[in-house]
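Welcome to a short tour of a protein structure. Take a moment to turn the model around on your screen, and then let us walk through it together.

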Amino acid sequence: MSAAEPIFSKPNRRIAALALCVLICDQITKWLVLQNIDRDDEITVIPGFFNLTYRVNTGAAWSRFTGHNYALAAIAIAALVVLYLTRRHFSSHRLLGQFAFGLIFGGIIGNLTDRLLPGRHAVVDFLHFYMARRGTSDFYDFPAFNVADSAICVGVALIFLLNWKEEPKPATGET
């Protein structure tokens, strides 16, 4: 008789566990922002570089497609389904691939949760990086984002890295 199989031994369970961790971290940080920062306010953390803020986004990255919250929610659901069905083609058999997909799934579900929560219906963004231009009052600004956005970006970058140098496998019957 063999020992009981550990819960994280299967790739899908690893992906789901990390996705759940990302979702929890994302929602806790957004809840903290909602409880402690007024909308559109900024709290300076590192002057001239980083603020905590509370912004809402009914669009996608860089506020593109603003006002299309439900269409973007439908796209997010479709993306989850497609990614789940095609994950085997993108190194999900490797531990790092499972980590990447856990980040991506958790991030998508985190922002989707914001879009669908009653009373919110928009993604909460709160990490705002910028760089003050020396000698002026101008600054270079990066749009505010959140934990879910970060997880998606890191996960996608890992997928690209994992598959970038991978040699294509010849089809059976080729010589």
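A residue is called buried when its relative accessible area is under 20%, exposed when it is over 50%, and partly exposed in between. With a relative accessible area of 38%, F49 is therefore partly exposed. Please keep in mind that this is a predicted model.

**The overall plan**

The protein chain holds 4 helices and 4 strands. Read from the N terminus on, its elements follow the order α-β-β-α-α-β-β-α. Of the 175 residues in the chain, 33% are buried. Among contacts with a separation of 6 or more, 62% join residues that are 24 or more positions apart.

Helix α3 makes a good example of a covered element: 16 of its 22 residues are buried. From its first C-alpha to its last, α3 reaches 31 Å, close to the 32 Å expected at 1.5 Å a residue.

**Two helices side by side**

Two packed helices are described by the angle between their axes and the distance between the axes. Helix α1 (residues 11-36) packs with helix α4 (residues 147-164) at an angle of about 145°, and their axes are 8 Å apart. On the α1 side, the contact is made by V22, C25, D26, T29 and K30, while α4 brings V147, A148 and A151. Sorted by class, this contact has 5 nonpolar, 1 polar and 2 charged residues.

**A group of aromatic rings**

How many aromatic pairs does a search of the whole structure find? The search finds 6. In one of them, the rings of F49 and F129 have their centres 5.4 Å apart and their planes at 75°, so this pair is edge-to-face. The two partners come from distant parts of the chain, 80 residues apart: F49 sits in the loop between β1 and β2, and F129 in strand β3. Like F49, F129 counts as partly exposed, because its relative accessible area is 30%.

F129 also pairs with F145, and this pair is stacked, with 5.9 Å centre to centre and 15° between the planes. Here too the pair links distant parts of the chain, as F129 in strand β3 and F145 in the loop between β4 and α4 are 16 residues apart. F145 has a relative accessible area of 17%, so it is buried. Together, F49, F50, F129, F142 and F145 form one aromatic cluster.

**Loop residues, buried or exposed**

Most residues other than glycine have a negative phi, and most peptide bonds are trans. D40 has a positive phi of about 70° although it is not a glycine, and S91 likewise has a positive phi, of about 65°, without being a glycine. The table places four loop residues.

| Residue | Loop | Relative accessibility | Class |
|---|---|---|---|
| D40 | between α1 and β1 | 52% | exposed |
| S91 | between α2 and α3 | 2% | buried |
| S92 | between α2 and α3 | 7% | buried |
| N146 | between β4 and α4 | 0% | buried |

Why does D40 count as exposed? Its relative accessibility is 52%, and exposed means over 50%. S91 counts as buried because its relative accessibility is 2%.

**A closer look at S92 and N146**

Which residues does S92 touch, not counting those up to four places away in sequence? They are P11, R87, G97, Q98 and F101. The side chain of S92 also reaches the backbone oxygen of R87, at 3.1 Å.

N146 is in the loop between β4 and α4. Its side chain reaches the backbone nitrogen of D149 at 2.8 Å, and a polar atom of that side chain lies 2.9 Å from the backbone nitrogen of A148. Leaving aside neighbours within four places in sequence, N146 is in contact with D26, K30, N111, V123, V124, D125, F126 and L127. D26 and K30 also take part in the contact of α1 with α4. For one of these partners, V123, the C-alpha atom is 8.8 Å from that of N146, and the two residues are 23 residues apart along the chain.

Methods
Residues are numbered from 1 along each chain as its sequence is written. Side-chain values use heavy atoms; hydrogens and water are left out. Axes are lines fitted to C-alpha atoms, for helices over the stretch in contact, and angles run from 0 to 180 degrees between N-to-C directions. Contact means heavy atoms within 4.5 Å. Ala, Val, Leu, Ile, Met, Phe, Trp, Tyr, Cys and Pro count as nonpolar, Asp, Glu, Lys and Arg as charged, and the others, Gly among them, as polar. Buried means under 20% relative accessible area, exposed over 50%, partly exposed in between (1.4 Å probe, protein chains only). A polar contact is a pair of N or O atoms within 3.5 Å; within protein, one must be able to donate a hydrogen and the other to accept it, and residues adjacent in sequence count only if both atoms are side-chain atoms. The expected span of a helix is 1.5 Å times one less than its number of residues. Rings of Phe, Tyr and Trp (its six-membered ring) pair if their centres lie within 6.5 Å; planes under 30 degrees apart count as stacked, over 60 as edge-to-face and the rest as tilted.
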